[in-house]
Amino acid sequence: MTIAITGASGFIGKGLIKRLTDLSVPFLASSRREVVSAGLEIGTWRQIDFANMSSIRDFCAGAECVIHLAGPDAETARTNATDIAAFVQATSDLFVAASTARVKRFIFISTVHVYGDASDEANLEESDCLPTTSYGASRLQAEDALRELAGFHEMELVIVRLANAFGWNPDPNALSWRLFVNELVKSGFETGTLKVRGNPDSVRDFVPIEVVARALQTIACAPANENIAGTWNIGSGFNFTLAEMAERISESIARATGLTPRITFEDGDQTPPSKLKIDTAKARRAGFIGDVSVSNGVDALVAQMLKSEQASNAL
């Protein structure tokens with residue numbers, strides 16, 4: 001089977017493409033960046049003009065599955081409402097084009113932030129969605145638009161709500177270094193300090209990029225007769241406070257370097273702790289998520305950082 005992927009040069013996209021390449025799964029990737037900077041071979045890359053339905057259909061042609069990763073990040077969604085509306089429209093157009101091209105499965109990558117962050121309980125896929133950020137709200141708008149369209153098309157719709165991924169990126173200027181775990185690891189090496197922004201008692205599910213890539217590949221390649229349509233929470237299944245995660249990172253860096261970075265907390269607004277817990281039991285039962293070790297994921301990121309050029313200003 002061939003998998004068509006939008007947003008292939010992003011953090012999740014790169015992790016997924018590495019997984020597919022390792023397993024020799026054919027794919028066709030699209031990126032806003034040039035093919036060289038995206039790290040893709042010429043034969044696997046194609047430009048999409050999301051304002052042109054013919055261009056979108058051409059991209060989908062021949063694929064059995066489309067994975068839609070492209071879209072505004074958390075920063076863009078917070079500042080640009082026009083981009084959000086364009087994203088929802090482009091997502092809808094991609095779905096229709098994929099269906100017209102006889103694609104069998106459409107996987108939309110959403111976020112656990114659609115749930116909001118006020119519940120003490122772990123969110124199930126059927127839990128109420130009350131997003132408190134523009135990023136979560138934009139993904140929920142796209143989810144709703146796709147569900148409405150799915151009622152008029154035979155193509156299988158799969159919505160994946162991702163937790164807070166982390167992991168190595170060889171580009172030191174990539175936006176993925178702003179992710180909580182990545183940012184702390186990087187700053188630990190560069191400054192010897194882990195600066196936790198926000199309430200240290202806030203709770204999140206953190207998941208290594210390798211776990212995410214495996215889950216997306218497994219979902220994409222699942223046999224058609226398994227009927228996996230619906231919504232899936234993908235994460236580690238473990239919930240940590242920001243302070244607990246910072247402590248794990250500090251300990252990992254200390255084991256790797258012999259020096260322990262200090263942890264500081266910055267919460268000038270004295271915000272109340274947010275609680276964004278998810279339940280991943282459904283995905284585990286389906287085999288989409290295997291064994292997960294968040295600590296091993298942190299250790300792997302620290303090890304990559306230690307041997308990279310980014311560690312030139314190490315502790």
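This tour moves from the whole chain to five selected residues and the surroundings of each. The model is predicted.

**The whole chain**

Begin with the full chain displayed as a cartoon. Eleven helices and eleven strands make up its secondary structure. The radius of gyration is 19 Å, close to the 20 Å that the globule rule gives for 315 residues, so the chain is as compact as a globular protein of that length. Aligned on its principal axes, the C-alpha trace spans about 55 × 40 × 40 Å.

Next, switch to a surface representation. The accessible surface of the chain amounts to about 14,600 Å², and carbon and sulfur atoms account for 49% of that area. Of the 315 residues, 50% are buried. Colouring by charge brings up 29 positive and 38 negative charges, whose mean positions are 3 Å apart. A contact map adds the view along the sequence: among contacts between residues at least 6 apart, 77% join residues at least 24 apart.

**Asparagine 233**

Select asparagine 233, which is found in strand 9. Is this residue buried or exposed? Its relative accessible area is 0%, under the 20% cut-off, so asparagine 233 counts as buried. Show the side chain and draw a distance to aspartate 279: a polar atom of the asparagine 233 side chain lies 3.1 Å from the backbone oxygen of that residue. Then expand the selection to the residues that asparagine 233 touches, not counting those up to four places away in sequence. Among them are Tyr115, Asn123, Leu124, Glu125 and Arg161, and also Ile278, Asp279, Thr280, Ala283 and Ile289.

**Asparagine 227**

Move back along the chain to asparagine 227, in the loop between helix 8 (209-220) and strand 9 (230-234). With a relative accessible area of 58%, asparagine 227 is exposed. Its backbone deserves a check in a Ramachandran plot: phi is near 50°, a positive value in a residue other than glycine. Most residues other than glycine have a negative phi.

**Arginine 102**

A second positive phi can be found at arginine 102, where the angle is near 65° in a residue other than glycine. Which elements flank this residue? Arginine 102 lies in the loop between helix 5 (81-100) and strand 4 (105-111). Its relative accessibility is 72%, and arginine 102 therefore counts as exposed.

**Serine 202**

Now select serine 202, in the loop between strand 7 (193-197) and strand 8 (203-208). At 5% relative accessibility, this loop residue counts as buried. Which residues are in contact with serine 202, leaving aside neighbours within four places in sequence? They are Phe240, Thr241 and Leu242, together with Pro272, Pro273 and Ser274.

**Serine 308**

The last stop is serine 308, in the segment after helix 11 (294-306). Its relative accessibility of 17% is under the 20% limit, so serine 308 counts as buried. Display its side chain and trace the polar contact to methionine 305, whose backbone oxygen is reached at 3.0 Å. Finally, add valine 88 to the selection and draw the C-alpha to C-alpha distance from serine 308: the two residues are 38 Å apart in space and 220 residues apart in sequence.

Key. Residues numbered from 1 in each chain as written. Predicted model: local features only at pLDDT ≥ 70, side-chain atom pairs only at ≥ 80, totals over all residues. Heavy atoms only, no water. Helix = DSSP H or I, 4+ residues; strand = E, 2+ residues; numbered from the N terminus. Rg over C-alpha atoms; globule rule 2.2 N^0.38 Å. Buried < 20%, exposed > 50% of the residue type's maximum accessible area, 1.4 Å probe, protein only. Contact = heavy atoms within 4.5 Å. Areas by Shrake-Rupley, 256 points an atom, 1.4 Å probe, with all protein chains shown as cover. Lys, Arg positive; Asp, Glu negative; His and termini not counted. Charge placed at Lys NZ, Arg CZ, Asp CG, Glu CD. Polar contact = N/O pair within 3.5 Å; in protein donor to acceptor, adjacent residues only side chain to side chain.
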